[in-house]
Amino acid sequence: MTTSTSEFPRRRRLRFSLGRQQIIDLFWQVVMVGIAVAIVAFLWSNALHNLSVRRISTGFAFLGREAGMPIADTWLAYSPKDPYIRAFIVGIVNTLRVAVIGIVLATVLGTLIGIARLSSNWLLSRLAAVYVEMLRDIPLLLQLLFWYVLMQGLPAARAAWRPIEGVFLSNRGLVLPSVPIAAANLWVIATLVAGLIATYVLRRRLTALQMADGKVRHLWPYALILLVGLPALVSLGLGASWTITMPELRGFNFVGGLTLAPEYFALLIALVTYTSAFIAEIVRSGIQAVPKGQWDAANALGLRRSFVLQRIVLPQALRVIIPPLTSQYLNLTKNSSLAVAVGYQDVVSIANTTLNQTGQAIEAIALIMMVFLTISLGISLFMNWYNARIALVER
Amino acid sequence: MTSITDAPQNPLPFHSARSRRTAGGRAIRWLRENLFASVTSSVISLLLIVLLGKALVSLMQWGYWNAIWTLPGDQTAACRSIRGLGACWAVIPEKYRFILFGTYPFDQQWRPALACLTFVALFFVSSRRSFWRKELVLVWAAALVLIGVLMWGGIFGLTYVSQDRWGGLPVTLILATFGLAFGFPLGIVVALGRRSKLPAIRSLCVLYVELIRGVPLISLLFMASVMFPLFMPDGVNIDKLLRAQIAFVLYAGAYLAEVIRGGLQAVPRGQHDAADALGLSYWKKNGLIILPQAIRHVIPPLVNTFIAFFKDTSLVLIIGIFDLLTTAKTSIIDPAWQPFSVEVYVFVALIYFAFCFAMSRYSRRLETQARPG
């Protein structure tokens, strides 16, 4: 490792033989890689042997066979007669369903609590601190089991709690009023999303133009057309119905409305509250990392408090916040695999059942790893892109 | 009043000028400054006081006034009649031996209890700055041997207790402590490897860290419990607890490596150059000069990783190893006590909280102490 101290620098001389240090380096690398390859080869040959002794087939052919496993809570159409591959896709959708909604809710709750911790109101900041400390120091799995037990202890459907009209909380889970989603509704939503993107692009264009010539341009007329006008037109044109259906109790169960199963609801609450405690700390330290001089300077300019927070403090705080926030999002996604403990069928739970049914442990676990590595990579790429966008541009 | 948690050190700067004036200690003034500083603040305070009061009253009603503390035997009828109105703490004296020590022979349970105390003493000694020297390694070795003797027995007249009868708190502490004790050196080696100049070694380390960190811990535990036997040659049969322990060591190694790597990056380039100029070998340079500085930089995040790791040991519930959480969940399978799981979970949560809270306080104290200079 002590390069350049033992040898005189030989400048501009073509060498075809390796120096002493390079031979040592090469030797160590070959040894390490050799050991790694040997270990893998040893384990692999053992595995092949054991699999043939136990008559377990290898390969992913089982994905096409009938799964025969019931999945209670799905968004996609599924029956036990469907092949394993379909069950896995349902599991991935279930994982994403809890992870994406969990990330959004945890970010909102965590930001609110992080700001509450900085409040000048003693009681509010102290309560936020207790919340953070309590949730961070108890294992997530224990919290999940706790929430699940509480869910099961709720009254039966007939005696369900009704905090608001149309909302029922019982041991069947949370039932909410909903809008039936038909193809026409999906088109309207797609138009709205396209409108959002178009508005965003337009806003950047207008800001760039204003930067160039200093003329103020208003965004709101365009935004109104893109976000309200177009979706309304599409909705009228396709005849989408937006009537809200209220859930009703019929017999022992609910009809209509959107039902969040107790397993899903418990998992969502546990993930959101647990992760929000970590996000609160990240937001707090991010805001505290903005130097006090920035507030003073903004005050000296006579800017409004909300403007200072939005345009001066938050953009700087975000630079500190985004990297640790990314790893919290990844944690939440990985933690969603605890679903298996309460019987919510996410991709890990389905892989586990597959493993028990077929005995093909290697393939099942490889599938879990592939799914999570892909999701992690997706979140990382998105957050890195966002981080690069808001990063300080040094001149 | 400020004993529960410490106040935010630096509230939003807008208010700091106002709060600086609170040198005088009169209660009314304090209230006006901290709870009723403005209209919004007063509304929030009143709302919170009402909500908090309601919550506290119902919590006290459930947990104290209406609670039942003792019951004769398995006669849980009295508890069932007040279910939802009051807690049945009687489940704790009934089950605490099983929750803490699992199926360890009843008359021998002083041994795991002593092992747990040894662990706590070990943690305490390791947290003192004055004990941070080479001899600490010997203390650890001695303590781990002592714990092994206590748990297994078989010598000194102690009856032998096999591993599958272990359970409860000692198993949680064993998984966490051994995981860290072996994961830490592994993490150091991998962190050094990730910063190595040799491309093959660097990519091996990157592959290891990213693979472990990219997947949930559960899939590693599944691997340890289901896949591991497939990878072993015939006749080799490793105990389930040990397999989980190996998974934890690999898991801890990957996460600790990333923390230590952060510390290595914080060591100035000049330290490397100076060590090279002295003609130190690679291992001497890192062992004597770089690593001590690097680890000192990252002690607070290291403690945070320890906390996360301690909590993560509870995941062995899913592969059926009897740690503290699994014994708690198992203790309420008993039909007589089944409805009182909330009480049991609260009890276990307090144990986990005590350990994690102590560690997080410690980490915060280290952070506020003088920075390494």
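In this predicted model, A:Leu118 sits in the loop that links helix H2 (84-117) of chain A to helix H3 (122-136) of chain A. Although placed in a loop, A:Leu118 counts as buried because 20 C-beta neighbours lie inside 10 Å, and 20 is the number at which a residue is called buried. A:Pro291 is 173 residues away from A:Leu118 in sequence, while the C-alpha atoms of the two are 15 Å apart in space.

From this loop, the description can widen to chain A as a whole. Chain A is divided into three parts: domain 1 (1-55), domain 2 (84-178 + 260-390) and domain 3 (180-243). Between the C-alpha centres of domain 1 and domain 2 of chain A, the distance is 43 Å.

Chain A also contains strands that pair with one another. Strand S1 (residues 168-170) of chain A and strand S2 (residues 173-176) of chain A run antiparallel and are joined by three bridges. The connection from S1(A) to S2(A) is a hairpin of two residues. Within this pair, A:Leu169 has A:Leu174 of S2(A) as its bridge partner. S2(A) pairs as well with strand S5 (residues 258-260) of chain A, again in the antiparallel sense and over three bridges. Here A:Leu174 is found opposite A:Leu260 of S5(A). A:Leu174 thus takes part in the pairing with A:Leu169 and also faces A:Leu260.

Helix H7 (residues 262-288) of chain A comes next. This helix has 27 residues and spans 38 Å from its first C-alpha to its last, close to the 39 Å expected at 1.5 Å a residue. H7(A) is mostly covered, with 25 of its 27 residues buried. The largest nonpolar core has 152 residues, and the residues with the most contacts inside it are A:Leu141, A:Leu144, A:Leu267, A:Ile368 and B:Leu221. The helix that gives the most to this core is H7(A), with 16 residues. For A:Leu267, the contacts beyond four places in sequence are A:Val98, A:Leu144, A:Ser336, A:Ala339, A:Val342 and A:Tyr344. One of these partners, A:Leu144, is itself listed among the core residues with the most contacts.

How many residues does each chain bring to the contact between chain A and chain B? The contact takes 56 residues from chain B and 56 residues from chain A. On the side of chain B that touches chain A, at least two residues each come from helix H1 (13-20), helix H3 (39-65), helix H9 (199-214), helix H10 (217-231), helix H15 (324-331) and helix H16 (341-368) of chain B. H16(B) supplies the largest share of that side, ten residues. By residue kind, the side of chain B that touches chain A divides into 39 nonpolar, 13 polar and four charged residues.

Chain B itself has 16 helices and zero strands. Its C-alpha atoms fill a box of roughly 70 × 65 × 40 Å, taken along the principal axes. Of the 373 residues in chain B, 33% are buried. When contacts in chain B between residues at least 6 apart in sequence are considered, 67% join residues at least 24 apart.

Several local views help to fill in this picture of chain B. In helix H5 (residues 91-101) of chain B, the buried residues include B:Val91, B:Glu94, B:Lys95 and B:Phe98. Among the elements covering the buried residues of H5(B) are helix H6 (110-127), helix H8 (169-194), H15 and H16 of chain B. After H5(B) comes B:Gly102, with a positive phi near 60 degrees.

Helix H11 (residues 240-266) of chain B holds B:Ala252. Is B:Ala252 buried or exposed? B:Ala252 is buried, because 26 other C-beta atoms lie within 10 Å. Leaving aside neighbours within four places in sequence, B:Ala252 is in contact with B:Gly179, B:Leu180, B:Gly183 and B:Phe309. B:Leu47, 205 residues away along the chain, is separated from B:Ala252 by 44 Å between C-alpha atoms.

B:Phe306 belongs to helix H14 (residues 299-312) of chain B. B:Phe306 is buried, since 24 other C-beta atoms lie within 10 Å. Not counting residues up to four places away in sequence, B:Phe306 touches B:Leu180 and B:Met359. B:Leu180 is also a contact of B:Ala252. The C-alpha atoms of B:Phe306 and B:Ile290 are separated by 22 Å, with their positions 16 residues apart along the chain.

Definitions and conventions: Residues are numbered from 1 along each chain as its sequence is written. Chains are lettered from A and ligands numbered from 1 in the order in which they are written. This is a predicted model: local features need pLDDT of at least 70, side-chain atom pairs count only at pLDDT 80 or more; totals for chains, interfaces and linings use all residues. Two strands pair if DSSP finds at least two bridges between them. Helices (H or I, at least four residues) and strands (E, at least two) are DSSP runs, numbered from the N terminus. Two residues are in contact if their C-beta atoms, placed from the backbone, lie within 7 Å. Ala, Val, Leu, Ile, Met, Phe, Trp, Tyr, Cys and Pro count as nonpolar, Asp, Glu, Lys and Arg as charged, and the others, Gly among them, as polar. Domain bounds come from an automatic or database domain assignment. The expected span of a helix is 1.5 Å times one less than its number of residues. A residue is buried if 20 or more other C-beta atoms lie within 10 Å of its own, exposed if 12 or fewer, and partly exposed in between; C-beta atoms are placed from the backbone. A nonpolar core is a set of buried Ala, Val, Leu, Ile, Met, Phe, Trp, Tyr and Cys residues joined through C-beta atoms within 7 Å.
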